[in-house]
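Trainee: I would like to go through this model with you, one point at a time. Can we start once it is in view?

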Amino acid sequence: ITKIDQPRALWDRLFATPGHLAMITTVDNEGRVNACSVATCVRVVHEPVQISFCTDTHKDTARNVLDTGEFVVNLPSFEKALLEKVCTVGVPFAPGVNELEKAGLGETPSKKVTPPRITECKRHFECEVAWTREWDGRLMVVGTAVAASVDEGCVDAEGFILWDKLMPVHYCGAP
(Lines give C-alpha, C1' and ligand atoms only; values in the text may rest on other atoms or scores of the structure.)
Protein backbone atom coordinates (compact mmCIF):
# COMPACT_ATOMS: atom_id res chain seq x y z
CA ILE A 1 0.00 0.00 0.00
CA THR A 2 1.43 3.34 -1.01
CA LYS A 3 0.83 6.24 1.40
CA ILE A 4 0.66 9.62 -0.35
CA ASP A 5 1.72 12.71 1.59
CA GLN A 6 -0.88 15.44 1.23
CA PRO A 7 0.00 19.12 0.85
CA ARG A 8 -1.04 21.28 3.81
CA ALA A 9 -3.68 23.10 1.76
CA LEU A 10 -5.62 19.82 1.35
CA TRP A 11 -5.54 18.51 4.94
CA ASP A 12 -8.94 19.96 5.85
CA ARG A 13 -10.54 18.18 2.88
CA LEU A 14 -8.88 14.91 3.87
CA PHE A 15 -10.46 14.93 7.35
CA ALA A 16 -14.02 15.12 5.94
CA THR A 17 -16.43 14.52 7.76
CA PRO A 18 -15.67 16.51 10.91
CA GLY A 19 -16.09 13.58 13.35
CA HIS A 20 -14.74 10.01 13.14
CA LEU A 21 -14.12 6.73 14.84
CA ALA A 22 -10.33 6.67 15.18
CA MET A 23 -7.37 4.79 16.51
CA ILE A 24 -4.79 6.99 18.22
CA THR A 25 -1.17 5.85 18.26
CA THR A 26 1.37 7.14 20.77
CA VAL A 27 4.73 6.05 22.16
CA ASP A 28 5.97 6.17 25.73
CA ASN A 29 9.30 7.61 26.90
CA GLU A 30 10.93 4.23 26.22
CA GLY A 31 9.67 4.18 22.60
CA ARG A 32 7.02 1.49 23.17
CA VAL A 33 4.00 1.81 20.87
CA ASN A 34 0.52 2.23 22.31
CA ALA A 35 -2.83 2.46 20.54
CA CYS A 36 -6.36 3.23 21.67
CA SER A 37 -9.73 3.38 19.98
CA VAL A 38 -11.83 6.52 20.36
CA ALA A 39 -15.48 6.68 19.36
CA THR A 40 -15.36 10.33 18.39
CA CYS A 41 -12.31 12.14 17.10
CA VAL A 42 -13.20 15.63 15.86
CA ARG A 43 -11.57 18.22 13.63
CA VAL A 44 -12.09 21.34 15.75
CA VAL A 45 -10.17 23.92 13.67
CA HIS A 46 -9.84 24.17 9.88
CA GLU A 47 -6.61 26.19 9.60
CA PRO A 48 -4.35 25.10 11.03
CA VAL A 49 -6.04 21.69 11.10
CA GLN A 50 -6.55 20.78 14.75
CA ILE A 51 -8.03 17.49 15.92
CA SER A 52 -9.39 16.55 19.36
CA PHE A 53 -10.19 13.38 21.29
CA CYS A 54 -10.73 12.36 24.91
CA THR A 55 -9.27 9.50 26.94
CA ASP A 56 -9.20 8.39 30.56
CA THR A 57 -6.37 9.96 32.56
CA HIS A 58 -5.18 6.57 33.88
CA LYS A 59 -4.56 5.15 30.40
CA ASP A 60 -1.24 4.87 28.56
CA THR A 61 -2.54 7.18 25.82
CA ALA A 62 -3.03 10.08 28.25
CA ARG A 63 0.36 9.55 29.88
CA ASN A 64 2.14 9.25 26.53
CA VAL A 65 0.52 12.36 25.05
CA LEU A 66 1.43 14.39 28.13
CA ASP A 67 4.99 13.02 28.22
CA THR A 68 5.86 13.25 24.51
CA GLY A 69 3.48 15.84 23.05
CA GLU A 70 2.80 13.71 19.96
CA PHE A 71 0.17 11.35 18.57
CA VAL A 72 -1.19 10.05 15.27
CA VAL A 73 -4.87 9.95 14.34
CA ASN A 74 -5.55 6.88 12.18
CA LEU A 75 -8.97 6.78 10.52
CA PRO A 76 -10.30 3.28 9.73
CA SER A 77 -12.72 2.50 6.92
CA PHE A 78 -16.04 0.70 7.22
CA GLU A 79 -14.62 -2.77 6.67
CA LYS A 80 -15.74 -5.60 8.95
CA ALA A 81 -12.28 -7.11 9.53
CA LEU A 82 -10.74 -3.72 10.32
CA LEU A 83 -13.59 -2.69 12.63
CA GLU A 84 -13.09 -5.93 14.59
CA LYS A 85 -9.44 -4.92 15.05
CA VAL A 86 -10.57 -1.46 16.22
CA CYS A 87 -12.50 -3.29 18.96
CA THR A 88 -9.41 -5.32 19.90
CA VAL A 89 -7.34 -2.12 20.17
CA GLY A 90 -10.01 -0.83 22.59
CA VAL A 91 -9.51 -3.72 25.05
CA PRO A 92 -7.90 -2.52 28.31
CA PHE A 93 -4.55 -4.28 28.02
CA ALA A 94 -1.87 -3.92 30.71
CA PRO A 95 0.43 -0.87 30.54
CA GLY A 96 3.25 -1.28 28.05
CA VAL A 97 1.38 -3.77 25.83
CA ASN A 98 1.41 -2.95 22.09
CA GLU A 99 -2.26 -3.05 21.11
CA LEU A 100 -1.37 -3.05 17.42
CA GLU A 101 0.41 -6.39 17.83
CA LYS A 102 -2.54 -7.81 19.78
CA ALA A 103 -4.93 -6.73 17.01
CA GLY A 104 -2.68 -7.89 14.17
CA LEU A 105 -2.27 -4.37 12.76
CA GLY A 106 0.81 -3.11 10.93
CA GLU A 107 2.97 -0.10 11.70
CA THR A 108 4.14 2.39 9.06
CA PRO A 109 6.72 4.96 10.19
CA SER A 110 5.39 8.50 10.43
CA LYS A 111 7.03 11.39 8.59
CA LYS A 112 7.11 14.09 11.32
CA VAL A 113 6.34 12.45 14.69
CA THR A 114 7.57 9.36 16.52
CA PRO A 115 4.33 7.33 16.89
CA PRO A 116 3.66 5.13 13.84
CA ARG A 117 0.77 5.25 11.43
CA ILE A 118 -1.48 2.17 11.31
CA THR A 119 -0.88 0.56 7.92
CA GLU A 120 -4.44 -0.73 7.47
CA CYS A 121 -5.98 2.72 7.97
CA LYS A 122 -6.27 4.75 4.79
CA ARG A 123 -5.92 8.24 6.35
CA HIS A 124 -3.48 9.52 8.96
CA PHE A 125 -2.89 12.83 10.72
CA GLU A 126 0.40 13.25 12.56
CA CYS A 127 -0.13 15.71 15.40
CA GLU A 128 1.73 17.72 18.00
CA VAL A 129 -0.21 18.58 21.15
CA ALA A 130 -1.62 22.13 21.11
CA TRP A 131 -3.29 21.88 24.52
CA THR A 132 -4.89 19.47 26.97
CA ARG A 133 -7.57 19.80 29.62
CA GLU A 134 -8.15 17.36 32.47
CA TRP A 135 -11.43 16.95 34.36
CA ASP A 136 -13.23 14.15 36.24
CA GLY A 137 -10.70 11.48 35.26
CA ARG A 138 -10.76 12.44 31.57
CA LEU A 139 -8.18 14.17 29.40
CA MET A 140 -9.20 16.18 26.35
CA VAL A 141 -6.37 16.47 23.84
CA VAL A 142 -6.20 18.93 20.96
CA GLY A 143 -3.38 18.48 18.47
CA THR A 144 -2.18 20.47 15.49
CA ALA A 145 -1.62 18.39 12.36
CA VAL A 146 1.99 18.55 11.17
CA ALA A 147 1.63 15.92 8.40
CA ALA A 148 -1.21 14.05 6.71
CA SER A 149 -1.25 11.06 4.40
CA VAL A 150 -3.75 8.94 2.52
CA ASP A 151 -3.64 5.69 0.59
CA GLU A 152 -3.02 6.12 -3.11
CA GLY A 153 -6.23 6.30 -5.14
CA CYS A 154 -8.41 7.50 -2.23
CA VAL A 155 -8.53 11.22 -3.09
CA ASP A 156 -9.10 13.06 -6.33
CA ALA A 157 -6.66 15.50 -7.96
CA GLU A 158 -8.06 18.37 -5.86
CA GLY A 159 -7.63 16.50 -2.56
CA PHE A 160 -11.29 15.64 -2.01
CA ILE A 161 -11.86 12.18 -0.55
CA LEU A 162 -13.36 9.46 -2.73
CA TRP A 163 -16.18 8.21 -0.50
CA ASP A 164 -16.49 4.79 -2.13
CA LYS A 165 -12.74 4.15 -1.63
CA LEU A 166 -12.35 5.49 1.93
CA MET A 167 -15.74 4.37 3.29
CA PRO A 168 -15.75 6.65 6.38
CA VAL A 169 -17.21 4.80 9.36
CA HIS A 170 -19.86 7.36 10.32
CA TYR A 171 -21.52 7.25 6.91
CA CYS A 172 -21.43 3.58 5.91
CA GLY A 173 -24.15 1.79 7.85
CA ALA A 174 -24.88 0.02 11.09
CA PRO A 175 -22.70 -2.51 12.94
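What follows is a set of questions and answers on a predicted model.

Trainee: What is the mean pLDDT of the protein chain?
Mentor: The model is predicted, and pLDDT is the predictor's confidence in each residue. Of the residues in the chain, 95% reach 70 or more, and the mean pLDDT is 91.

Trainee: Which element has the lowest mean pLDDT?
Mentor: At the high end of the elements is strand E7 (residues 117-118), with a mean of 98. At the low end, with a mean of 76, is helix H1 (residues 11-14).

Trainee: Over which residues does pLDDT stay under 50?
Mentor: There is one stretch to treat with care. The model has five contacts beyond four places in sequence for it. The stretch is residues 171-175.

Trainee: Is threonine 26 buried or exposed?
Mentor: Threonine 26 belongs to strand E2 (residues 19-27). Its contacts beyond four places in sequence include Val33, Thr61, Val65, Phe71 and Pro115. Its relative accessible area is 0%, and buried means under 20%, so threonine 26 is buried.

Trainee: Which side chain makes a polar contact with that of threonine 26?
Mentor: Asn64 and Glu70 are among the residues that threonine 26 touches. The polar contact has a length of 2.9 Å, and the partner is asparagine 64.

Trainee: Which buried residues does helix H2 have?
Mentor: Helix H2 spans residues 60-68. The cover over its buried residues includes E2, strand E3 (33-45), E4, E5, strand E8 (123-135) and strand E9 (138-151). The buried residues themselves are Asp60, Thr61, Ala62, Asn64 and Val65.

Trainee: Which residue follows H2, and what is its phi?
Mentor: The residue after H2 is glycine 69. Its phi is positive, near 75 degrees.

Trainee: Which residues do salt bridges join into one network?
Mentor: The structure holds 10 salt bridges. One of them pairs aspartate 56 with lysine 59, with the closest N and O atoms 3.9 Å apart. Elsewhere, salt bridges that share partners make one network of Asp28, Glu30 and Arg32.

Trainee: What are the N to O distances from arginine 32 to aspartate 28 and to glutamate 30?
Mentor: Side chains of opposite charge can pair when their charged atoms come close. Aspartate 28 is buried at 14% relative accessible area, arginine 32 is partly exposed at 39%, and glutamate 30 is exposed at 64%. The distance is 2.6 Å to aspartate 28 and 4.0 Å to glutamate 30.

Trainee: Why is the pair of phenylalanine 53 and phenylalanine 71 classed as it is?
Mentor: The structure holds one aromatic pair. The ring centres of phenylalanine 53 and phenylalanine 71 are 5.2 Å apart, and their planes are at 75 degrees. Planes over 60 degrees apart count as edge-to-face, so the class of this pair is edge-to-face.

Trainee: How many residues apart in sequence are the parts that this pair ties together?
Mentor: Phenylalanine 53 and phenylalanine 71 are both buried. Phenylalanine 53 lies in strand E4 (residues 50-56) and phenylalanine 71 in strand E5 (residues 70-75), so the parts tied together are apart in sequence by 18 residues.

Trainee: How many disulfides does the structure hold?
Mentor: A disulfide needs two cysteine sulfur atoms within 2.5 Å. For cysteine 127 the nearest cysteine sulfur, in cysteine 41, is 7.7 Å away; for cysteine 154 the nearest, in cysteine 121, is 12 Å away. Cysteine 127 is buried at 0% relative accessible area, and cysteine 154 is buried at 6%. The number of disulfides is zero.

Trainee: Which proline is joined to glutamate 47 by a cis peptide bond?
Mentor: The omega of this bond is about 0 degrees. The proline sits in the loop between E3 and E4. The residue is proline 48.

Trainee: What is the phi of aspartate 136?
Mentor: Aspartate 136 is in the loop between E8 and E9. With 75% relative accessibility, aspartate 136 counts as exposed. Although aspartate 136 is not a glycine, its phi is positive, at about 45 degrees.

Note on methods: Residues are numbered from 1 along each chain as its sequence is written. This is a predicted model: local features need pLDDT of at least 70, side-chain atom pairs count only at pLDDT 80 or more; totals for chains, interfaces and linings use all residues. Side-chain values use heavy atoms; hydrogens and water are left out. Helices (H or I, at least four residues) and strands (E, at least two) are DSSP runs, numbered from the N terminus. Buried means under 20% relative accessible area, exposed over 50%, partly exposed in between (1.4 Å probe, protein chains only). A polar contact is a pair of N or O atoms within 3.5 Å; within protein, one must be able to donate a hydrogen and the other to accept it, and residues adjacent in sequence count only if both atoms are side-chain atoms. Contact means heavy atoms within 4.5 Å. pLDDT is the predictor's confidence in each residue, from 0 to 100. A salt bridge is a side-chain nitrogen of Lys or Arg within 4 Å of a carboxyl oxygen of Asp or Glu. Rings of Phe, Tyr and Trp (its six-membered ring) pair if their centres lie within 6.5 Å; planes under 30 degrees apart count as stacked, over 60 as edge-to-face and the rest as tilted.
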